[in-house]
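Here are my notes on the model you sent, set out as numbered points. Please read them with the coordinates open.

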Amino acid sequence: IFAGKLRCYDCGSRLTSTGNHYNTRYVCANYNVNGTNACSNHAVLESELTESLIMVVKQCRNNLKEILKDIDVIIQRDSERQDIDGQIKMLESNLTKAKSEVFAIMSRKAKEIVENPGMEDMIDDMYKEFIQQKYKDIDRIKKLLKDKKQIAEDDTQIKDNVSTVLALLDETLDSNELTKKQVSMLVSHID
């Protein structure tokens with residue numbers, strides 16, 4: 001099940017399997033072909049590799065469980081400290097209010113222009129800065145709202161990712177036997 005995944009510590013050549021299904025061992029391909037002139041004679045049993053990998057996976061699982069607990073504590077602490085959901089609702093309310101204010105200002109401006117057609121330029125100048133400031137406020141609120149939503153989403157995503165990895169590790173360990181596919185997945189994520 002470890003075929004193609006193992007390298008010789010001494011010379012870097014791949015390790016090839018020998019023996020039968022119940023007593024598979026991996027030896028240096030360089031030694032196997034060229035003898036002691038190329039590399040030293042050493043082998044590792046597949047059962048020892050499997051046992052070691054399962055031990056590492058169990059330790060990773062235990063570490064992930066602790067990390068998941070820490071994530072819950074951090075999310076809870078951040079929620080209490082920042083009340084992200086409350087801030088999001090407040091920002092959404094402020095955004096709606098700011099948009100309404102812009103509409104009201106524009107309506108007032110249009111009404112004044114209609115009532116005083118000869119003063120259109122002066123009315124335009126008078127409202128221009130005020131409207132620009134409201135649009136800056138709207139942009140600022142939108143950015144804050146986006147940032148707060150991202151914080152809430154990131155916390156959830158991290159927790160979901162750790163939970164998914166934990167579930168995969170549990171599934172792997174519950175099977176009591178590693179398959180070539182599981183070994184490939186685990187080994188590819190070690191780097």
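1. In the hairpin of β1 and β2, 6 residues lie between the strands, and Gly19 in this hairpin takes a positive phi near 95°. The model is a predicted one, and the backbone angle of Gly19 should be read as a computed value of that model, with phi near 95°. The two strands of the hairpin, β1 and β2, run antiparallel and are joined by 4 bridges. Among the bridge partners that can be checked in the viewer, Leu15 is matched with Cys28 in β2, and Ser17 is matched with Tyr26, also in β2.

2. The hairpin belongs to an open sheet of 3 strands, whose order is β1-β2-β3 and whose pairing is antiparallel. The edges of this sheet are formed by β1 and by β3 (43-45), each of which pairs on one side only. Averaged over the sheet and with direction ignored, neighbouring strands are turned by 30° against each other. As general background, strands of a sheet pair through backbone hydrogen bonds, in either a parallel or an antiparallel manner.

3. On the other side of the hairpin's second strand, β2 and β3 run antiparallel and are joined by 3 bridges. Tyr26 has Val44 as its bridge partner in β3, while its partnership with Ser17 links β1 to β2. Val27, for its part, stands opposite Ala43 in β3.

4. Which aromatic rings does a search of the whole structure bring together as a pair? The search finds 1 aromatic pair, and this pair is formed by Phe2 and Tyr26, in an edge-to-face arrangement with 6.1 Å centre to centre and 90° between the planes. Because Phe2 lies in the segment before β1 (15-18) and Tyr26 lies in strand β2 (residues 25-28), the pair ties together parts that are 24 residues apart in sequence. Phe2 counts as buried because its relative accessibility is 4%, and Tyr26 likewise counts as buried, at 1% relative accessibility.

5. The start of the chain deserves a separate remark, since Ile1, which also lies in the segment before β1, counts as partly exposed at 28% relative accessibility. The C-alpha atoms of Ile1 and Val56 are separated by 17 Å, with these positions 55 residues apart along the chain numbering.

6. How many disulfides does the structure hold? The structure holds 0 disulfides, and Cys8 is accordingly in none, although the nearest cysteine sulfur, that of Cys39, is 3.6 Å away. That separation can be set against the cut-off of 2.5 Å within which a pair of cysteine sulfur atoms is taken as a disulfide. Cys8 is buried, with a relative accessible area of 5%, whereas Cys60 counts as partly exposed at 37% relative accessibility.

7. Helix α3 (residues 84-115) has 32 residues and reaches 46 Å from its first C-alpha to its last, which is close to the 46 Å expected at 1.5 Å a residue. The buried residues of α3 are Ile84, Ile88, Leu91, Leu95, Ala98, Val102, Ile105, Lys109 and Ile113. When reading that list, it may help to recall that an α-helix has 3.6 residues a turn, so residues three or four places apart point the same way. A colleague following the helix in the viewer will note that the buried set includes one lysine, Lys109.

8. Helix α4 (residues 120-174) contains Lys143, and this helix has 55 residues, which at 1.5 Å a residue should span 81 Å; its end C-alpha atoms are 78 Å apart, which agrees. The agreement should be read together with a bend of about 30° in α4 at Lys128. After α4 comes Asn176, whose phi is positive, near 60°.

9. A last point concerns Lys143, which counts as exposed because its relative accessibility is 53%. The C-alpha atoms of Lys143 and Val57 are separated by 42 Å, and the two residues are 86 residues apart along the chain.

Definitions and conventions. Residues numbered from 1 in each chain as written. Predicted model: local features only at pLDDT ≥ 70, side-chain atom pairs only at ≥ 80, totals over all residues. Heavy atoms only, no water. Phe/Tyr/Trp six-rings, centres within 6.5 Å; stacked < 30°, edge-to-face > 60°. Buried < 20%, exposed > 50% of the residue type's maximum accessible area, 1.4 Å probe, protein only. Pairing = 2+ DSSP bridges. Axes fitted to C-alpha atoms, helices over the stretch in contact; angles between N-to-C directions. Expected span 1.5 Å × (residues − 1). Bend = angle between axes of the 7 residues up to and from the residue.
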